[in-house]
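Hello,

Here is the structure I promised to pass on to you. Have a look through it first, and then read on for what I found.

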2 protein chains.
Amino acid sequence: MKNDSKKKATIYDLSVISGISPSTVSAVLNGTWRKRRIKESTADLIRDLAEKHQYTTNRQAQGLRSSRSGLVGLMLPVYDNRYFSSMAQTFEAHVRRHGQCPIVVSSSRDPQEERETAESLISYSIDALFVCGATDPDGVHAVCEKAGLKHINIDLPGSRTHSVISDNYTGGRILTEAIIRQFSAGDPLQPEELLLFGGRNDHASRERIRGFRDVKQEMMGADIDASIQPTGYSPNTARIAFESFYEKAGRLPRALFINSSINFEGLLRFMSAHPHENFADLVVGCYDYDPFASFLPFPVLMMRQDVEGMIAKAFELIEELPGPPQIHLIRPDLVLPRTALPGPLDSLKDID
Amino acid sequence: MKNDSKKKATIYDLSVISGISPSTVSAVLNGTWRKRRIKESTADLIRDLAEKHQYTTNRQAQGLRSSRSGLVGLMLPVYDNRYFSSMAQTFEAHVRRHGQCPIVVSSSRDPQEERETAESLISYSIDALFVCGATDPDGVHAVCEKAGLKHINIDLPGSRTHSVISDNYTGGRILTEAIIRQFSAGDPLQPEELLLFGGRNDHASRERIRGFRDVKQEMMGADIDASIQPTGYSPNTARIAFESFYEKAGRLPRALFINSSINFEGLLRFMSAHPHENFADLVVGCYDYDPFASFLPFPVLMMRQDVEGMIAKAFELIEELPGPPQIHLIRPDLVLPRTALPGPLDSLKDID
DNA sequence: CTTTATTGCACAATCGATGGTGCAATAAAT
DNA sequence: ATTTATTGCACCATCGATTGTGCAATAAAG
């Protein structure tokens, strides 16, 4: 219970107190002591001492010497939506389960910031980096490569290392089909009544759009060129797109395929400026799942990306990096309107 | 452009190449060179060299020597809701602005995990810790104190160091009043028709409940004991509470004060099992803001906690720790139904 | 043309943990 | 009773950056 107030105990302190050499103390405390043929009794002695003095190893020193830090990084575009925040939550659980420390940062979808963020994490000697939703995964790859850092892409694929992503084409198809089926045979949806909003020129958007178009062709026999309204990933550009459509057409389309929950927030902004009636017979499909969105006053179909599956697969792959880069597709699930799915929070014990 | 592949350049490498001593190189690269009276020209030379060899300082070594890491920690209960994820987003922006590296971890509202998480962060020599929504802030305080680590409480107050929290009493009052005012004078809300669900026995819940009760007394002249249904912070316990109320009463209360968006998800789960009609004339007030929740098919009033304000205040206070612990209240804002507020995402530039 | 000040930098110890190597003391083999 | 093996641990260099100190070389003062 010695509380040498302020300063943390080091192996040297324990060494002096016990008369045992620092290297032996170190070996005992980091578990390599059997290999070094340390007596069981000495080990016990040191462990007791460590306990008593509340020793914890200085990870900076350890990391400096061993060039491994125990830190595992996750680079996210942003935190503030349900998809990425549950990504963070799931990631953290995995990393902690491996006895390491998660370090989550966001890089705002800016290629340069992505590279700088990676550099910055590398300067802490992180052991691995999960690159999620990067705008320029290959740029980040170059940085990691040079530093000899294990890394993997999630959500958006790169061409230089393994990627684990949502099966966007299939997801896009499923969602589009589900939207169309929301309409009765008596008054079926017409090609020009179903528009896709959001996204940009990235792999995910392109694949979703391809699925969207293919299904429209197959089910409706046609598509129109103007049915794609890429607005980037921001609420406001999406809002503006909705507004300008509304200006021209005098109403919203009967059905919307919205490319992400972030863009969906653009629709919310539009809604706040227009009365309920405009949304009475609207059907929305959104490529992302948000529990609250699922209960909006009009039917909302959502694609829930399998975050748990993606993270798990990524952890599996990151250990076996050799071989040509592959893209692993993880199938997302369609979530019907008015559905509240359990999430990472449900596994927490709740203390009252 | 020398790419000595694999290994990162160190000050020793630059020293050898330039014939200048490591200490001088170090001084130049960390900015203390003027103090050391290094010639401007030598400094330039070294900086060029550093640039050319893509030198970045090894933060582990730097941290070991200086016992400061440049890491600033944020401990969250969970990531996965809009309140905490925007906390993370805002926190990160502040930390990066100070040239440091954010490290965000969650500790599941478990006092022991909170302490262990703190210990773990301390072993990385983090420079400061923001303790957000901790179940046992004073337990975490003890750990930080012993390690001489600057820290501050957010969201839930502790008694041993400064705290920055939402003005829960006022917020509770405002929200309760707004809920009551949603009902017309012709058919006013009765005390037994307004119930509070969610929360537990923590400071925030207690204060909100106090505000809730006070306003009910003042505006309705009465309250009933059974009007408080604490369910902890989990969707499922909240769902069960709604179900069991519904079983007994045959319907939901006309108006609900829900203690957090997490508990609100419990209502969603309840809703998914019951037809629309049950919610036709429901009014909900929720102490948290979520843009999608604001557009549900019944009026939803939300209290938006001023995350930006809280984080900013916390950063201000953490620098001047001496003095008796104080609690700083940050006023939350009432958000009317069908409101989509801008968030941290809006400040990102969007590249198309 | 000395003496003193100033400039510019090199040296070396240090932060805490790790792991290769070497060397006693004890045990086993001859 | 030697020789050989094995056990148990101490020594020391090392990871990369920081910082107090010292000492030349140059400039300023006398």
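Which base atom of DNA strand C is 2.8 Å from an N or O atom in the side chain of B:Ser23? It is a base nitrogen of the strand. Please keep in mind as you read that this is a predicted model.

**The DNA strand**

Let me stay with DNA strand C for a moment. A base nitrogen of the strand also lies 2.8 Å from a polar side-chain atom of B:Arg37. On the phosphate side, a polar backbone atom of A:Ile11 is 2.6 Å from a phosphate oxygen of DNA strand C.

In total, 26 residues surround this strand, and the closest are A:Ile11, A:Ser26, A:Tyr55, A:Arg65 and B:Lys39. Of the strand's atoms that come within 4 Å of the protein, 44% belong to sugar and phosphate. By type, the residues of the surface near DNA strand C divide into 12 polar, 8 nonpolar and 6 charged.

Both chains take part through their helices. From chain A, α1 (11–18), α2 (22–30) and α4 each supply at least two residues of this surface, and from chain B, α2 (22–30) and α4 do so. The helix that gives the most is α4(A), with 4 residues.

**Where the two chains meet**

Next, the contact between the chains. Chain A and chain B each bring 89 residues to it. Between them they bury about 7,500 Å², and 53% of that is on carbon and sulfur atoms. On the chain B side, the residues that lose the most area to chain A are B:Gln60, B:Asp80 and B:Phe292, which together make up 12% of what that side buries.

There are 10 salt bridges across this interface. B:Asp80 appears again here, as its side chain meets that of A:Arg82 in a salt bridge at 3.8 Å, N to O. The count of residue pairs in polar contact between the two chains is 36.

Several elements of chain B each supply at least two residues of the side that touches chain A, including α4 (59–66), α5 (82–97), β2 (101–106) and α11 (261–272). The largest share comes from α11(B), with 8 residues. Sorted by type, that side of chain B has 36 nonpolar, 30 polar and 23 charged residues.

**One loop residue in chain B**

B:Asn58 is a nice one to zoom in on. This residue sits in the loop between α3 (40–52) and α4 of chain B. Its side chain reaches the backbone nitrogen of B:Gln60 at 2.8 Å, and a polar atom of that side chain lies 3.1 Å from the backbone nitrogen of B:Ala61. Leaving aside neighbours within four places in sequence, B:Asn58 is in contact with A:Leu64, A:Ser123 and A:Ser125. B:Asn58 is partly exposed, because its relative accessible area is 35%.

**Two backbone angles in chain A**

Most residues other than glycine have a negative phi. What is the phi of A:Ser67? It is near 50°, a positive value. A:Ser67 is in the loop between α4 (59–66) and β1 (71–76) of chain A. A:Asp155 is not a glycine either, and has a positive phi of about 75°. A:Asp155 belongs to the loop between β4 (150–154) and β5 (163–166) of chain A.

Are these residues buried or exposed? A:Ser67 is exposed, with a relative accessible area of 54%, whereas A:Asp155 counts as buried because its relative accessibility is 8%.

Enjoy exploring, and best wishes!

Key. Residues numbered from 1 in each chain as written. Chains lettered and ligands numbered in written order. Predicted model: local features only at pLDDT ≥ 70, side-chain atom pairs only at ≥ 80, totals over all residues. Heavy atoms only, no water. Contact = heavy atoms within 4.5 Å. Buried area = accessible area lost by both parts, 1.4 Å probe. Salt bridge = Lys/Arg side-chain N within 4 Å of Asp/Glu carboxyl O. Polar contact = N/O pair within 3.5 Å; in protein donor to acceptor, adjacent residues only side chain to side chain. Nonpolar A, V, L, I, M, F, W, Y, C, P; charged D, E, K, R; others polar. Buried < 20%, exposed > 50% of the residue type's maximum accessible area, 1.4 Å probe, protein only. Near = heavy atom within 4 Å.
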